[in-house]
Amino acid sequence: MSISPILLTLIILLLALISFVCEFFPVDTTAIGITVLLILCQLVTPEEGISGFSNSATITVMAMFILSAGITRTGGLQIVRDLLFQLGGKSLKKQIASLGIIVGFISAFINNTAVVAVFLPIIESWGKKRKISLSKLLIPLSYTAILGGVITIIGTSTNILASGLSKKLGYGEFSIFLITPIGIPVFFIGLIYLTFIAPQLLPDRKSINSEGLDVDYDLKDYVSEIIITPRSNLIGQTLRKSGIQRKFDIDVLEIIHNDIHFPQPLADKILSLGDILLVRGGKEDLLQIRDERGVDILADVKFDEEKVEEELNFGEDKVAEVLILSNSRLIASTLKDLRFRQRYNATVIAIRRGEELLRERLGKVRLKFGDLLLVQGPKESFIGLQTTRELLVLEERDIETLRQNKAYIAIAIVCGVVILAAFNILPILVSSLVGVMLMIFTGCLKPGEIYGAVRWDIIFLLAGLIPLGIAMDKSGTNQLIANYIVALGAYLPNYFVLVLFYFFTALLTEILSNNAAVLLMLPVAVEVAKSLSLNPIAFMLAVMFAASNSYITPIGYQTNTMVYGPGGYRFLDFTRVGLPLTLMFTFIVPFLIIIVYGLS
């Protein structure tokens, strides 16, 4: 018995939802797997299955990632740093307001994930100078970046995708400033909420770095000193040959020989009688090393809490936090598989994952986006870490790692892209690609850097889910779902039908992702609008705004995940601050859409 195309599509859709929610695989892998399944089930043709890779929205999103990288790589965003410090003052409300205006304006034209990546270390530095808990600042940083992203169509990949879907459905692409009459009021309503109400809801928790990394990561029991005694079998061996880092769950951070501190790399350092090794490891491993290798543990007699961070930052060594970004190749790999110590000449001492703190068996932990690594190593190693786009060192970037002489060129290029598209001189797809080439020709970006600039997980997510939208349309699934919603809408005023779409799209965004929510909900919204003889543009905008405004959880939007660890937040902190904001917009945004664009 053959299965109807609608039922088969719904089964595949359900499988996709389960995989997204349970995180069996990365979202991009799930999306490509769904495409393969659709082709095998003959719900789409092979040509339709790969059409997502040539879709104008996918290419435009890719180009915008590269343009954002041009701005950040040249230090274009650092230009506003001093302005932020000047406007902030001493009042928390004034600080949030000035932060929101600056970050929101930039996020209207630059990918908001890139904006948060640049401002995270700036805000950390600012918070230290002003003696403000980072937990009061980093959620507002993320939320204002999200709010700024809905001021223009190019502010987020979600908006660009919605514009591409609108064209595919026969309503044409959205102009860059189509949503600005709604986006600006929404931004300022959100900023007023964050400035005057959110501070009462935000935790005043001891933020990361507020009392020192040794206290924040509870290093006292995991960083110790061991001394090589006359009975030790380590004498005369190199650290590499001794194999103690492979056999035991420890990392040697430093070797002290006759009061001389030797930093990384240490693998070929010959161990001598009386050498003191600064190690990261649990008590059980240290006791085992003591018994098997003839060393004594000094932590109990001389290594106190006040000394930990001082030792870690001795001489040419330093310790700092490093955030794993969403486009990192480190995701889903372990430190051992990556040979992290050899690759970066630095050692991971601990991992903070949201509320969870990991300090044991670190080599076997599979890394995730948003993980915060406490890293120790030579100072020059951190300069290398600052230049990679896969990791973010949570301290202000060294000036020498930026092409500051190209900053205004990069800004001019992005402004040119916006102007060409805004006045319909060139389509946004074409103007953005022209901008990419100008970034390379002017030296703002090197050719090899454009590959690291692209969020490939987003590109493959878009390319993989677009065929699912095609299958839902071809099989009649969209029409079926729309019929049920229309039946429900018969008992509701038209305004509340729009509210309903906003609310369910917002929930779906928290469960899946913003782009997945748009791909699934926007075609259904158009079908409902047509069935009720209402304005399809109004419904598309409701879906787009709902998908782009994700505040309830730290995992619903990339910028929320990025500030989760550095802010020392708990999961429900986002819900406490974000749920009232989401409910408020659920009723305000549809109202503004009706006023500006009409519903009939």
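This report covers the nonpolar cores, the cysteines, one pocket and the internal cavities of a predicted model.

## Nonpolar cores

The largest nonpolar core holds 144 residues. Within this core, F119, L120, F501 and F539 have the most contacts. Helix α27, residues 514-531, gives the most to the core, with twelve residues. A second core, separate from this one, has 21 residues, including L338, V348, L358 and L391. In soluble globular proteins, nonpolar side chains tend to be buried together.

F501 can be followed outward to its partners. With neighbours within four places in sequence left aside, F501 is in contact with I485, F539 and V543. The list of its contacts also takes in M521, V524, A525 and V528.

## Cysteines

How many disulfides are there by the distance rule? The count is zero. A disulfide is a covalent bond between the sulfur atoms of two cysteines.

C444 serves as an example. The closest cysteine sulfur to that of C444 belongs to C415 and lies 12 Å away, which is too far for a bond. The cut-off for a disulfide is 2.5 Å between the sulfur atoms, so C444 and C415 are not counted as a pair, with 12 Å between their sulfurs. C444 is buried, at a relative accessible area of 0%. C41, in contrast, is partly exposed, with a relative accessible area of 29%.

## The second largest pocket

The second largest pocket has a volume of about 960 Å³. Its lining consists of 32 residues. Nearest the centre of this pocket are Q245, R246, D251, R341 and Q342. By class, the lining divides into 13 charged, twelve nonpolar and seven polar residues.

Several helices and strands take part in this lining. The helices α13 (239-242), α14 (244-247), α18 (335-338) and α19 (340-344) each supply at least two residues. The strands β2 (250-257) and β7 (347-353) likewise each supply at least two. Helix α14 provides the largest share, with four residues.

## Cavities

Rolling a probe the size of a water molecule over the atoms shows where empty space is left. Across the whole structure, four cavities of 30 Å³ or more are found. The largest cavity has a volume of about 440 Å³, and 27 residues line it. T72, A114, A117, L325 and R389 are the closest to the centre of the largest cavity. Helices α4 (56-73) and α7 (112-130) and strand β10 (391-393) each give at least two residues to this lining, with the largest share, six residues, coming from α7. Twelve of the lining residues of the largest cavity are nonpolar, nine are polar and six are charged.

The second largest cavity has a volume of about 100 Å³. Residues lining this cavity include L165, K168 and L169, together with I466, G469, I470 and D473. N478, L519 and P523 also line the second largest cavity. Helices α9 (157-168), α24 (456-475) and α27 each supply at least two of its lining residues. Which helix gives the largest share of this lining? Helix α24 does, with four residues. The lining of the second largest cavity divides into six nonpolar, two polar and two charged residues. Helix α27 therefore appears in two places: α27 gives the most residues to the largest nonpolar core, and α27 supplies at least two residues to the lining of the second largest cavity.

Technical notes
Residues numbered from 1 in each chain as written. Predicted model: local features only at pLDDT ≥ 70, side-chain atom pairs only at ≥ 80, totals over all residues. Heavy atoms only, no water. Core = buried A, V, L, I, M, F, W, Y, C linked by side-chain atoms within 4.5 Å. Buried < 20%, exposed > 50% of the residue type's maximum accessible area, 1.4 Å probe, protein only. Contact = heavy atoms within 4.5 Å. 1 Å grid on protein atoms, 1.4 Å probe; cavity = no way out; pocket = protein on both sides within 12 Å on 5 of 7 lines; lining within 4 Å. Points joined across faces, edges and corners; volume = space filled by probe spheres on them. Nonpolar A, V, L, I, M, F, W, Y, C, P; charged D, E, K, R; others polar.
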